Amino acid sequence: MSAPVRPTAQALDDWLLDSSLAPMTAGDRLTPLYQAAKHGELAVPFCAACAQVLDLDQEVCDNCGSTESTWRTVELHGTVHTATLMYRSEPGLVHARLPYPIVDVELMSGHRLVMTTALATDSTPPIGSAVRIGFRRLGDVAIPAIDTLEDE
């Protein structure tokens with residue numbers, strides 16, 4: 001893997017998916033994630049009342065019951081929690097011809113995100129590996145992805 005991929009103003013072809021599969025980013029619950037990603041940052045939700053880590057789609061805090069969240073940027077580092085290879089052929093939508101990694105990364109903030117890699121690879125990083133988060137481009141949308149293994 002290489003140095004961090006910085007988002008640019010032009011759309012780039014993603015190594016994995018067709019750009020028609022890019023998520024809608026305006027007015028979506030995940031808008032803060034996509035807005036931060038445009039600038040090479042990773043924003044994730046925390047409970048506004050008690051600062052508990054929230055899942056991306058979590059609407060009620062398990063700790064205090066609050067329904068208010070705040071999105072903050074966090075470090076672009078994490079640890080591989082689980083990893084698997086996906087074998088999928090869907091010509092036209094999935095560009096990858098070889099198996100590709102799907103990785104559950106535990107961020108330094110305590111959040112867990114499921115992602116793939118910024119660049120094509122047909123192997124998974126070892127469980128427990130330290131990784132740096134970068135971004136892949138799907139159409140005009142920056143999406144978090146494993147950029148580098150920190151142990152290399």
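**Close-ups of the predicted model**

**Strands E3 and E4, side by side.** E3 covers residues 77-86 and pairs with E4 in the antiparallel sense, over 8 bridges. Strands here are DSSP E runs of at least two residues and helices are H or I runs of at least four, numbered from the N terminus; two strands pair if DSSP finds at least two bridges between them. Look for Thr84 in this view: Ile102 of E4 stands opposite it. The model is predicted, so local features need pLDDT of at least 70 and side-chain atom pairs count only at pLDDT 80 or more, while totals for chains, interfaces and linings use all residues. Residues are numbered from 1 along each chain as its sequence is written, and side-chain values use heavy atoms, leaving out hydrogens and water.

**The whole sheet, strand by strand.** Zoom out a little and you get an open sheet of 5 strands, in the order E5-E4-E3-E6-E7 with antiparallel pairing. E5 and E7 are the edge strands, each pairing on one side only. Going along the sheet, 4 bridges join E4 to E5, while E3 and E6 are joined by 3 bridges. E6 and E7 share 8 bridges, again in the antiparallel sense.

**The E4-E5 hairpin and its edge strand.** There are 4 residues between the two strands of this hairpin, and Gly110 takes a positive phi near 100°. Across the pairing, Asp104 stands opposite Val114 in E5. E5 itself has two faces: Leu113 and Met115 make up the covered one, whereas Arg112 and Val114 make up the uncovered one.

**E6, with a neighbour on each side.** Of the 9 residues of E6, 8 are buried, so the strand is largely enclosed by the rest of the structure. (Buried is under 20% relative accessible area, exposed is over 50% and partly exposed is in between, with a 1.4 Å probe and protein chains only.) On the E3 side, Thr79 has Ala130 of E6 as its bridge partner. On the E7 side, Ile133 is matched with Ile146. E6 and E7 also form a hairpin with 2 residues between them, and Gly139 in the turn has a positive phi of about 65°.

**The largest nonpolar core.** This one has 26 residues, and the members that touch the most others are Leu42, Val105, Leu107, Val131 and Ile133. (A core is a set of buried Ala, Val, Leu, Ile, Met, Phe, Trp, Tyr and Cys residues joined through side-chain atoms within 4.5 Å.) Helix H1 (31-37) supplies at least two residues, and so does each of the strands E1 (42-47), E2 (69-74), E4 (100-107), E5 (112-115), E6 (130-138) and E7 (141-149). E7 gives the largest share, 5 residues.

**Around Val131.** Leaving aside residues up to four places away in sequence, Val131 touches Leu76, His77, Gly78, Thr79, Val80, Val105, Ile146, Thr148, Leu149 and Glu150. Touching here means heavy atoms within 4.5 Å.

**A second core, with the aromatic pair.** Separate from the big one is a core of 5 residues that includes Trp15, Leu16, Val94 and Tyr100. The structure holds 1 aromatic pair. The ring centres of Trp15 and Tyr100 are 6.2 Å apart and the planes sit at 75°, so it's an edge-to-face pair. (Rings of Phe, Tyr and Trp, the last by its six-membered ring, pair if their centres lie within 6.5 Å; planes under 30 degrees apart are stacked, over 60 edge-to-face, the rest tilted.) Trp15 lies in the segment before H1 and Tyr100 in E4, so the pair ties together parts 85 residues apart in sequence. Both partners are tucked away: Trp15 is buried at 17% relative accessible area, and Tyr100 is buried at 5%.

**Two spots away from the cores.** Asp13 also lies in the segment before H1, but it counts as exposed, at 75% relative accessibility. From Asp13 to Pro45 is 32 residues in sequence and 29 Å in space, C-alpha to C-alpha. The other spot is Ala51, in the loop between E1 and E2. Ala51 has a positive phi of about 70° although it isn't a glycine, and with a relative accessible area of 42% it is partly exposed.
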